[in-house]
Amino acid sequence: SIYVKLVGSAETLRLTNKRSIDFDPVWSPDGRRIAFCRIQEGQSGIYIIQALGGSERKLRSAAWKEETFDQVLWSARRLSWSPDGKSIAFSDSAIAGEPYSISSISVDSQEVRPLTSLRSPRWESNPAFSPDGKMLAFTRALQAFEAIYVMPVSGGQEQLLVSDKSNHWGLAWTADGRSIVFANAGWPIWGGWLWKVSAHGGEPERLQFGEDGIQPSIRGNRLVYVRQTANLNIWRRKFEGLHARGPAERLISSTRMESGPQLSPDGTKIAFESTR
């Protein structure tokens, strides 16, 4: 469900209460409304609700399905509200099962306008309007990884900004429109960081903060982001045949991920992977 809270307050206000998966909320520029995505049988789509609650308005149906929720959850942003409040950029496929591309929809007329041209197979997400509303940043899947592009909203040549063989979970323009903050990570989304790149291209710069950061959002001179971490450990347990004997014992651990354990042929060593 979608919630709101005052910064510094412990109280929260629940905005949506349906038997659905509601995610990716984005504020309107005036702060009075929130757009969000919903997955619900027969009702999946983009919705708008008042910031303090009330009736919902369905802006557009979408091809999202509940069985793709894991992909939806771990992917980054689907929506971006234009600075003038008149339209919302979104990532979706025109036909269920087809690759995702970026389009915009009018908040008033619900007219949809494609922003990127679909050239299958690919996956585009993370739309982000520049502060002046003239440019759009987005990510495009290139084989197993994503690249970051910018292009004029009115149409024109796309410019490749970042192609670093990573997945990018969220883009955010700085208030002056000169740079884009982005999150990079492998798959799954552990061990990433927040970076900044010039909107005109150049070498990305890793920020001094933002370890494990995803989904950055900027308003004015303030930045918020999600810190996503995981702590997986390697355990061992004694067996006789198919029957466990005794409790499991934690064998290899840290505050990060330990995975892929493999015993050496003589049984004296264990090779494993770690994100520590």
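1. S87 lies in strand β8. The model is a predicted one, and S87 is a convenient place to enter it. S87 counts as buried because its relative accessibility is 17%, and the cut-off for buried is under 20%. Leaving aside residues up to four places away in sequence, S87 touches S80, W81, S82, I105, S106, V107 and F129.

2. One of those contacts, W81, also belongs to the largest nonpolar core. That core has 18 residues, and the members that touch the most others are A35, I48, W64, L79, W81 and I88. Two or more residues each come from β3 (21-27), β4 (33-39), β5 (45-50), β7 (79-81) and β8 (87-92). The strand that holds S87, β8, is therefore among the elements that supply this core with two or more residues, while membership itself requires a buried residue of a nonpolar type such as Ala, Leu, Ile or Trp.

3. A second core is separate from the one above and has twelve residues, including A128, L161, I180 and A199. As background, nonpolar side chains in soluble globular proteins tend to be buried together.

4. Next, the sheet. Four strands form an open sheet in the order β3-β4-β5-β6, and the pairing is antiparallel. The edges are β3 and β6 (57-61), each of which pairs on one side only. On average, neighbouring strands of this sheet are turned by 25° against each other, with direction ignored.

5. Within that sheet, β4 and β5 are joined by six bridges in the antiparallel sense. One bridge can be named: F36 has Y47, in β5, as its partner. Of the sheet strands, β3, β4 and β5 are also listed as giving two or more residues to the largest core.

6. Two backbone angles deserve a check by eye. Q110 is not a glycine, yet its phi is positive, at about 65°. Q110 sits in the loop between β9 (101-106) and β10 (112-114). Is Q110 buried, exposed or partly exposed? Its relative accessible area is 35%, so Q110 is partly exposed.

7. The other angle is that of D212, a residue other than glycine with a positive phi near 60°. D212 is also in a loop, between β17 (205-206) and β18 (213-219). Here the relative accessibility is 2%, so D212 counts as buried. The two residues should be viewed side by side: Q110 is partly exposed, whereas D212 is buried.

Definitions and conventions. Residues numbered from 1 in each chain as written. Predicted model: local features only at pLDDT ≥ 70, side-chain atom pairs only at ≥ 80, totals over all residues. Heavy atoms only, no water. Core = buried A, V, L, I, M, F, W, Y, C linked by side-chain atoms within 4.5 Å. Buried < 20%, exposed > 50% of the residue type's maximum accessible area, 1.4 Å probe, protein only. Pairing = 2+ DSSP bridges. Axes fitted to C-alpha atoms, helices over the stretch in contact; angles between N-to-C directions. Contact = heavy atoms within 4.5 Å.
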